[in-house]
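Here are my notes on the model you sent over. I've kept them as numbered points so you can go through them with the structure open.

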Amino acid sequence: MNSMMLAQLMKDLQDPEMMREAQKMMNDPAFQAQMKKVTENPAFKAHMQAQQEMLKDPKKVKELEKKMQEKLKEGEELLAKVKQVEGENNDKEGKKEGEKEDDNKEEDGDKKEAAKDTTEED
């Protein structure tokens, strides 16, 4: 799993709205049927058994926890960078929109000025 995805997952697990949606999904009979098929798969069962055996070793658990914390920290840093870039891009877009509005105001002002000049000439 990519470290940024891991960080996002950890944030999502803290989001009550996201957890409500996950609960709805898990209560869906179609989802339950799909999960039953997955969990009955011999390859899945073998993988889960191997994971449980590995987690019996305290040294391995500590190693995995350390690795997970490192990946989580890395992912949080990447997410922060992405959000910073998105914020900068949004700021640039906002300025472009503001410039367009200023241009429109200038055009409106020019039109009003031209209309004023023509009425003064009459």
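1. A residue is called buried here when its relative accessible area is under 20%, exposed when over 50%, and partly exposed in between. With that in hand: of the 122 residues of the chain, 5% count as buried. Keep in mind that this is a predicted model.

2. On the overall layout, the chain has 5 helices and 0 strands. Going along the sequence you read α-α-α-α-α. Helix α1 covers residues 3–12, helix α2 residues 16–27, helix α3 residues 29–40 and helix α5 residues 58–121.

3. What about contacts across the sequence? Taking contacts between residues at least 6 apart in sequence, 60% join residues at least 24 apart.

4. The accessible surface of the chain comes to about 10,700 Å². Carbon and sulfur atoms account for 55% of that surface.

5. Which residues make the nonpolar surface patch of about 310 Å²? They are Leu9, Met10, Leu13 and Met19. Met10 sits in helix α1. It counts as partly exposed because its relative accessibility, 36%, falls between the 20% and 50% cut-offs.

6. Phe31 is worth a look too. This residue is in helix α3 and, leaving aside residues up to four places away in sequence, Phe31 touches Met25 and Met26. Is Phe31 buried or partly exposed? Its relative accessible area is 24%, so Phe31 is partly exposed.

7. Now the charges. How many salt bridges does a search of the whole structure find? The count is 4, and I go through three pairs below, starting with Glu17 and Arg20, whose closest N and O atoms are 2.8 Å apart. Both residues lie in helix α2, 3 residues apart, which is about one turn of the helix. Glu17 has 41% relative accessibility, so it counts as partly exposed; Arg20, at 47%, is partly exposed as well.

8. Glu63 and Lys60 form another salt bridge, with the closest N and O atoms 3.6 Å apart. This pair belongs to helix α5, and here too the spacing is 3 residues, about one turn of the helix. Glu63 is partly exposed, with a relative accessible area of 46%. Lys60 is at 27% relative accessibility, so Lys60 also counts as partly exposed.

9. Then there is Glu53 with Lys56, a salt bridge whose closest N and O atoms are 3.2 Å apart. Where do the two partners fall on the accessibility scale? Glu53 counts as partly exposed because its relative accessibility is 41%. Lys56 is at 60% relative accessibility, so Lys56 counts as exposed.

10. Last, a negative surface patch. Glu70, Glu74, Glu76 and Glu77 form it. To get onto a patch, a residue needs over 30% relative accessible area and no salt bridge. Take Glu76, found in helix α5: its relative accessibility is 39%, so Glu76 counts as partly exposed, and that value is over the 30% cut-off for patches.

Conventions. Residues are numbered from 1 along each chain as its sequence is written. This is a predicted model: local features need pLDDT of at least 70, side-chain atom pairs count only at pLDDT 80 or more; totals for chains, interfaces and linings use all residues. Side-chain values use heavy atoms; hydrogens and water are left out. Patches are made of residues with over 30% relative accessible area and no salt bridge: like charges are joined within 9 Å, nonpolar side chains (Val, Leu, Ile, Met, Phe, Trp, Tyr) within 5 Å. Accessible areas come from the Shrake-Rupley method with a 1.4 Å probe; for residues, only the protein chains shown count as cover. A salt bridge is a side-chain nitrogen of Lys or Arg within 4 Å of a carboxyl oxygen of Asp or Glu. Lys and Arg count as positive and Asp and Glu as negative; His and the chain ends are not counted. The place of a charge is taken as NZ of Lys, CZ of Arg, CG of Asp or CD of Glu. Helices (H or I, at least four residues) and strands (E, at least two) are DSSP runs, numbered from the N terminus. Buried means under 20% relative accessible area, exposed over 50%, partly exposed in between (1.4 Å probe, protein chains only). Contact means heavy atoms within 4.5 Å.
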